[in-house]
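New to this one? Take a look at the structure below, and then we'll walk through its cores, a buried lysine and its cysteines.

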Amino acid sequence: MIAIGSDHAGFPLKQEIKQFLDEQGVEYLDVGCFEPVSCDYPDIAEALCAKITAGECDKGLLFCGTGIGISMAANKVKGIRAACCDDYFSAKYTRLHNDANVLCMGGRVVGPGEACEIVNVFLNTGFEGGKHARRVEKIAALEEK
């Protein structure tokens, strides 16, 4: 299962992605927001990341206006490797090389068609391991400093 969340600016894109996930038969847990009313993206990032760190969800999808603020907030949570991606290539390689567990996008940056392709490649690309595992371990070690 994946977790999905947005602030008010990312809400319309989140709704599009939920429809795409439904069509693909992907199970998800929506952690909010539940209407396009002003809210704070760090709260949504924290709620989503808690589902991943607790083992309730494997990956997460977060949306705000640009994808940047919500990714910054998510990356403050130990064990989270969030990547803000607005193209297919970046989304593919953040899984292959960085084992990212949260994808962030901007509702004011990426259109729904492109966003669905980005989500699809993020969810269906595995981690390559090898030399990349050593680098991901070093990222995790930074959390302990």
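A nonpolar core here means a set of buried Ala, Val, Leu, Ile, Met, Phe, Trp, Tyr and Cys residues joined through side-chain atoms within 4.5 Å. Keep in mind that this is a predicted model.

With that in hand, the largest nonpolar core has 22 residues. Those with the most contacts inside it are Ile17, Leu21, Leu61, Phe63, Leu103, Met105 and Val119. Which elements give two or more residues to this core? They are strand S1 (2–6), helix H1, strand S3 (59–64), strand S5 (102–106) and helix H5 (112–124). H5 gives the most, with seven residues. There's also a second, separate core of 17 residues, and Cys57, Leu62, Ala73 and Cys104 are among them.

Now zoom in on two residues. The table leaves out contacts with residues up to four places away in sequence.

| Residue | Touches |
|---|---|
| Ile17 | Ile4, Leu61, Phe63, Ala115, Cys116 and Val119 |
| Lys18 | Ile4, Tyr28 and Asp30 |

Lys18 lies in helix H1, which covers residues 11–24. Is Lys18 buried or exposed? Lys18 has a relative accessible area of 16%, so it counts as buried, the cut-off being under 20%.

Last, the cysteines. How many disulfides does a search of the whole structure find? Zero. Cys39 is in no disulfide, and the nearest cysteine sulfur, that of Cys33, is 4.0 Å away. As for Cys64, the closest cysteine sulfur is in Cys84, 7.2 Å from its own, which is too far for a bond. Cys64 counts as buried because its relative accessibility is 3%.

Terms used: Residues numbered from 1 in each chain as written. Predicted model: local features only at pLDDT ≥ 70, side-chain atom pairs only at ≥ 80, totals over all residues. Heavy atoms only, no water. Disulfide = S-S within 2.5 Å. Buried < 20%, exposed > 50% of the residue type's maximum accessible area, 1.4 Å probe, protein only. Helix = DSSP H or I, 4+ residues; strand = E, 2+ residues; numbered from the N terminus. Contact = heavy atoms within 4.5 Å.
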